[in-house]
Amino acid sequence: MNDIAELKQFITVHAKAQNLPQELYEDVLERVGHDGRGPGSWAHEWSAAAERLQGDDGQLLLAFLCHNMARFPFVDGPARQDAEAARLAVFERWRQLQNDIEPVHVALAGGEFTAWASGLDTAASKPLLVVMGGIVSTKEQWAPILLQAELLGMAMVVTELPGVGGNTLPYDVDGWRMLPALLDAVADRADVSRTYAVANSFSGHLALRAATRDERLRGIVTTGAPVSDFFTDAAWQGQLPRITVDTLVRLTGAAPGRLNEVLRAWALTDAELSGLEIPVAYTASLRDEIIPAGDVDALKKHVRGLSLNEFDDVHASPAHVEQTMQWTVESLIKMLADSASA
């Protein structure tokens, strides 16, 4: 079972980022008292909230998001498995009411994954935006962003990290290969030579690694991404929140107590960071309990195109979600404008 205090702490930033009404998520959290089964449990109370909403087509998105919270941080038993099935069913009902959200399936040697896409067009090839979340974020929770594709004038895809949701690729040091494969899959319907990524947390690390190897990635916007020290500092890893450790152990398949051995090779080197010739916009939290300050220092020292946005807050800056989202959009628009004028 997960620690309830941690679940409540880390869910808040997800709720805010997905525009869940404050009164809704606070009401659910007040009724949650344990992480078992039945009334008062995490999965039960979030699922009950979803069921109250899903009878109304106008509330389907909120119902889906509540089911998504019920399976947070990952499926670990029957209660969250039920929530996982329910969230996918409600999401599909919501998707069918939209005009332009389609799946893109990608298969690699080690597994397969799906992205949800909008704005793909063989006749009018537009720059591509890839949106990804972290180790507990499913692609479906970001799908509403796809409705902004036309406004941005971009083709857009949302997907998830290896091992998360429906992605069956292994989460290992080569996980970055999924991004080039995704670009290949949509290259006939988007201008993938102008690809930008809004990739938060651990997907930011994956995008940075991919950008050191694939020149089609022309800019990255991220929040709280691990870079180097996170992967090599065993002492730092020893004081990480339990929810982070448990999720990484599950995704990587690391043996108990051996996570550091698995992650050590994932660190981006000084040479890799110095070799980045693209803009990188990074939101950092000064009291981040997951990302060490040394990771931000490495970016400052080595990434020439770095724009830094800092808040006196904890991981993902939950008290500054609105400001972070605004800065993210502004950074992306600036990258597009600078590219067009170059």
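**Exercise 1. The largest pocket**

How much space lies in the largest pocket? State also which residues and which elements line the pocket.

Solution. The model is a predicted one. Step 1: the largest pocket holds about 1,100 Å³ of space. Step 2: its lining is made up of 42 residues. Nearest the centre of the pocket lie Ala17, Trp142, Ile145, Asn200 and Met325. Step 3: turn to the elements. At least two lining residues come from each of α1 (4-17), α4, β3 (127-132), α6 (149-152), α11 (242-252) and α15 (321-341). Step 4: α15 gives the most to this lining, with 6 residues.

**Exercise 2. Cavities**

Find how many cavities of 30 Å³ or more the whole structure has, and describe the largest cavity.

Solution. Step 1: a search of the whole structure gives 3 cavities of 30 Å³ or more. Step 2: the volume of the largest cavity is about 60 Å³. Step 3: the residues that line the largest cavity are Tyr171, Asp172, Val173, Gly175, Trp176, His205, Leu206, Arg209 and Trp266. Step 4: follow two of these residues further. Tyr171 and Trp266 belong to a cluster linked by ring pairs, together with Phe202, Phe230 and Phe231. Trp176, another residue of the cavity lining, has Arg213 over its face, at 5.2 Å from the ring centre.

**Exercise 3. From Phe64 to Trp94**

Trace the aromatic pairs that involve Phe91, and say where each partner lies.

Solution. Step 1: the structure has 9 aromatic pairs. One of them joins Phe64 and Phe91, with 5.5 Å from centre to centre and 55° between the planes. Planes under 30 degrees apart would count as stacked and those over 60 as edge-to-face, so this pair is tilted. Step 2: place the two residues. Phe64 is part of helix α4 (residues 60-70) and Phe91 is part of helix α5 (residues 78-96), so their pair ties together parts that are 27 residues apart in sequence. Step 3: check the accessibility of both. Phe64 has a relative accessible area of 0% and is buried; Phe91, at 2%, is buried as well. Step 4: Phe91 also forms a tilted pair with Trp94, at 5.7 Å centre to centre and 40° between the planes. Step 5: Phe91 and Trp94 are 3 residues apart in helix α5, so about one helical turn separates them. Trp94 is buried too, at 6% relative accessibility.

**Exercise 4. Two strands and a helix**

How do strands β7 and β8 run, and how many bridges join them?

Solution. Step 1: strand β7 (residues 280-285) and strand β8 (residues 306-311) run parallel and are joined by 6 bridges. Step 2: take one residue as an example. Tyr282 has Leu308 of β8 as its bridge partner. Step 3: add helix α14 (residues 293-302). Together with β7 and β8, α14 makes a right-handed β-α-β unit.

**Exercise 5. Backbone details in loops**

Locate a cis peptide bond and two residues with a positive phi.

Solution. Step 1: the cis peptide bond joins Phe72 and Pro73, with omega about 0°. Pro73 is in the loop between α4 and α5. Step 2: Ser201 is not a glycine, yet its phi is positive, at about 55°. Ser201 sits in the loop between β5 (191-199) and α8 (202-211). With 13% relative accessibility, Ser201 counts as buried. Step 3: Ala316 is also a residue other than glycine with a positive phi, near 70°. Its place is the loop between β8 and α15.

**Exercise 6. Buried or partly exposed**

Is helix α7 largely enclosed or largely open? Then treat Thr232 of helix α9.

Solution. Step 1: helix α7 covers residues 178-186, and 7 of its 9 residues are buried, so the rest of the structure largely encloses this helix. Step 2: name the buried residues of α7. They are Met178, Leu179, Pro180, Ala181, Leu182, Leu183 and Val186. Step 3: Thr232 lies in helix α9 (residues 229-232). Its relative accessible area is 38%. Buried needs under 20% and exposed needs over 50%, so Thr232 is partly exposed. Step 4: Thr232 and Ser125 are 107 residues apart along the chain, and 41 Å separates their C-alpha atoms.

Methods. Residues are numbered from 1 along each chain as its sequence is written. This is a predicted model: local features need pLDDT of at least 70, side-chain atom pairs count only at pLDDT 80 or more; totals for chains, interfaces and linings use all residues. Side-chain values use heavy atoms; hydrogens and water are left out. Rings of Phe, Tyr and Trp (its six-membered ring) pair if their centres lie within 6.5 Å; planes under 30 degrees apart count as stacked, over 60 as edge-to-face and the rest as tilted. Helices (H or I, at least four residues) and strands (E, at least two) are DSSP runs, numbered from the N terminus. Buried means under 20% relative accessible area, exposed over 50%, partly exposed in between (1.4 Å probe, protein chains only). A charge sits over a ring if NZ of Lys or CZ of Arg is within 6 Å of the ring centre and within 35 degrees of the ring normal. Two strands pair if DSSP finds at least two bridges between them. A crossover is right-handed if, with the strands pointing away from the viewer, the path from the first strand over the helix to the second runs clockwise. On a 1 Å grid over the protein atoms alone, a cavity is a set of points where a 1.4 Å probe fits but cannot get out, and a pocket is an open set with protein on both sides within 12 Å along at least five of seven lines; lining residues have an atom within 4 Å of a point. Grid points are joined across faces, edges and corners, and a volume is the space filled by probe spheres set on the points.
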